[in-house]
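Visitor: I am new to this structure and would love a close look at one part of it. Could you choose a place to start and lead me outward from there?

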Amino acid sequence: MGWKGRDVISIRDFSKEDIEFVLKVAERLEEGLNEKGSLDYARGKILATLFFEPSTRTRLSFESAMHRLGGSVIGFSSASSTSVKKGESLADTIKTVEQYSDVIVIRHPMEGAARLAAEVAEVPVINAGDGSNQHPTQTLLDLYTIKRAFGSIDGLTIGLLGDLKYGRTVHSLAEALAFYDVELYLISPELLRMPKHIVEELREKGLEVHETTDLEEVIPELDLLYVTRIQRERFPDEEEYLKVKGSYQVNLSILKNAKESLRVMHPLPRVDEIHPEVDKSKHALYFRQVFSGVPVRMALLGLTLGVL
Amino acid sequence: MPELKVEVIPEGTVIDHIPAGKWLKVIEILGLTRPNGGTLLIASNVPSKKLGRKDIVKIEGRYLSEEEVNKIALIAPLATVNIVKDYKIVEKFKVEIPDKIVGILRCPNPNCVSNHEHVTPKFRVESREPLKLRCHYCERTIEGDDILGNL
Ligand SMILES: [Zn+2]
């Protein structure tokens, strides 16, 4: 499949070859950035960022990526500042905005909104999160971070920790990891276990998957620990939440039993899942993960624009 | 015997091998819950070799669109559709669940864009036995009663 004009809506639309290709292009761009500071592949091109709900980090990451590619950015960061407030349909908003831009990034509170936008728009559409459904660029930047840190994704033992039930990020990461030869430890409170159908799907695809509630017991096995936030509002009572919350703090003492080479990732923002003292340790990979968003999004923008 | 009953209408459609008790859903799907033209004959809980018990619906003077046939397949996957002309069955075929279900089923996810914007709901059939569909927009899967309840 050609990349020019292609939409990036769901990680489910990607083959392993697609993923590997994006990661390779991102790597090339990162090297280019290191050499030159910024690139000019997208000079004269305009990105429209349509954030129907606020997500400052994601928006800044896309904007930074477009600027580093030499292009420019227009957009809005909340629905209340647009004619959507007046009841305009999503399709009309998209058809209007595409007159001003060459590529559209959309974040929307409704599931499927990005797919609909892509059907309406002639220009490529990139999904920056649709409700609790997809956030494919997050998954790609996670994979990129892993690949850059370890050289290869194959052969790793990976722990996914925290809210595995509702966490959109860990669901699509797990689905993408199914393309690789990895062993997974799913670590969560009973209440927040990974949905059964995902676990079954992973096993069907040949992954060795272990489910546990005990981080301390499995941490020595891991090459990578991917931490997610446990949201208080998911719990029926506060006490239950507090119990669980305490047991999953990643700090220097729990990391004592880990491999020297263990790396810790987190999609951020964190609350207290990772103690700040971990930041300066060699285990911390989460700020590097944030940085990875730029080359990965540059790759996707450049490829779909057809300038790379 | 059901074969004899098929002869009863002069022109129209006979839907056979509907699971017992599902006839009402079939006529709902076809918009036949109020009298509109021809005779409607319903035989419910008829002995059947294939199903044990089955329903049969006969609609005089009306033929079905492909979309209607596909819709019936969702609740009666073994149904057969007979086209009757001049008291004879001139065509007979089995319903088939298509690969894509377009426009006949609402997505049960209240936060799905298809329930808020002007779009035709679409589903991909992920599995036929048991029936499992995936919404083209929100990507959620639906099964069983969620399908029947949203037809
Ligand atoms: Zn849906």
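Guide: Happily! One term first: a residue is called buried when its relative accessible area is under 20%, exposed when that area is over 50%, and partly exposed in between. Please keep in mind that this is a predicted model.

Let us start with helix α3 of chain B, which spans residues 66-75. Eight of its 10 residues are buried, leaving the helix mostly covered. Those buried residues are Glu68(B), Val69(B), Asn70(B), Lys71(B), Ile72(B), Ala73(B), Leu74(B) and Ile75(B). As you look at it, here is a handy rule: an α-helix has 3.6 residues a turn, so residues three or four places apart point the same way.

Now turn to the strands of the same chain. Strand β1 of chain B, residues 12-19, is largely enclosed by the rest of the structure, because seven of its eight residues are buried. Two partners of β1(B) are worth tracing. With strand β4 of chain B (residues 80-85), β1(B) runs antiparallel, and five bridges join the two. To find this pairing on your screen, look for Thr13(B), whose bridge partner in β4(B) is Ile83(B). With strand β3 of chain B (residues 52-60), β1(B) is again antiparallel, this time joined by six bridges. Here a good landmark is Ile18(B), which stands opposite Asp55(B) of β3(B).

From β3(B) you can step on to strand β2 of chain B, residues 40-48, which pairs with β3(B) in the antiparallel sense over seven bridges. The two strands β2(B) and β3(B) make a hairpin, with three residues between them. Within that hairpin, Ile42(B) has Val57(B) of β3(B) as its bridge partner. While you follow these strands, remember that in a regular strand the side chains alternate between the two faces of the sheet.

Further along chain B there is a zinc ion to visit. The protein donors of this zinc ion are the SG atoms of Cys107(B), Cys112(B), Cys135(B) and Cys138(B), at 2.3 to 2.4 Å from the metal. The four donor atoms subtend angles of 103 to 116° around the zinc ion, so the arrangement is tetrahedral. Along the chain, the donors follow the spacing C-x4-C-x22-C-x2-C. Cys112(B) sits in the loop between β6 (100-102) and β7 (122-128) of chain B, while Cys135(B) belongs to strand β8 (residues 131-135) of chain B, so this pair ties together parts that are 23 residues apart in sequence. Cys112(B) is buried, with a relative accessible area of 0%, and Cys135(B) counts as buried at 3% relative accessibility.

Next, let us see how chain B meets chain A. The contact draws 17 residues from chain A and 16 residues from chain B. Between them, chain A and chain B bury an area of about 1,300 Å², with carbon and sulfur atoms giving 42% of it. Of the area that chain A buries against chain B, 43% is supplied by Arg12(A), Met110(A) and Glu111(A), more than any other three residues.

Charged side chains also link the two chains: the count between chain A and chain B is four salt bridges. In one of them, Lys122(B) pairs with Glu119(A), and the closest N and O atoms are 3.5 Å apart. In another, Glu139(B) pairs with Arg115(A), with 3.3 Å between the closest N and O atoms. Glu139(B) lies in the loop between β8 and β9 (141-143) of chain B and Arg115(A) in helix α4 (residues 113-120) of chain A, so the pair joins two chains. Both Glu139(B) and Arg115(A) are buried. They are also part of a network of salt bridges that links Arg12(A), Asp13(A), Arg115(A), Glu175(A) and Glu139(B).

Over all chains, a search of the whole structure finds 26 salt bridges. One to look up in chain B joins Glu126(B) and Arg124(B), at 2.7 Å from N to O. Here Glu126(B) is partly exposed at 32% relative accessibility, and Arg124(B) is partly exposed at 43%. In chain A, Glu190(A) and Arg193(A) meet in a salt bridge at 3.3 Å, N to O. Glu190(A) counts as exposed at 55% relative accessibility, whereas Arg193(A) is partly exposed at 38%.

Conventions
Residues numbered from 1 in each chain as written. Chains lettered and ligands numbered in written order. Predicted model: local features only at pLDDT ≥ 70, side-chain atom pairs only at ≥ 80, totals over all residues. Heavy atoms only, no water. Buried < 20%, exposed > 50% of the residue type's maximum accessible area, 1.4 Å probe, protein only. Helix = DSSP H or I, 4+ residues; strand = E, 2+ residues; numbered from the N terminus. Donors = N, O, S within 2.8 Å, 3.2 Å for Na, K, Ca; no water. Tetrahedral: all angles 85-135°; square planar, octahedral: opposite > 155°, others 65-115°. Pairing = 2+ DSSP bridges. Contact = heavy atoms within 4.5 Å. Buried area = accessible area lost by both parts, 1.4 Å probe.
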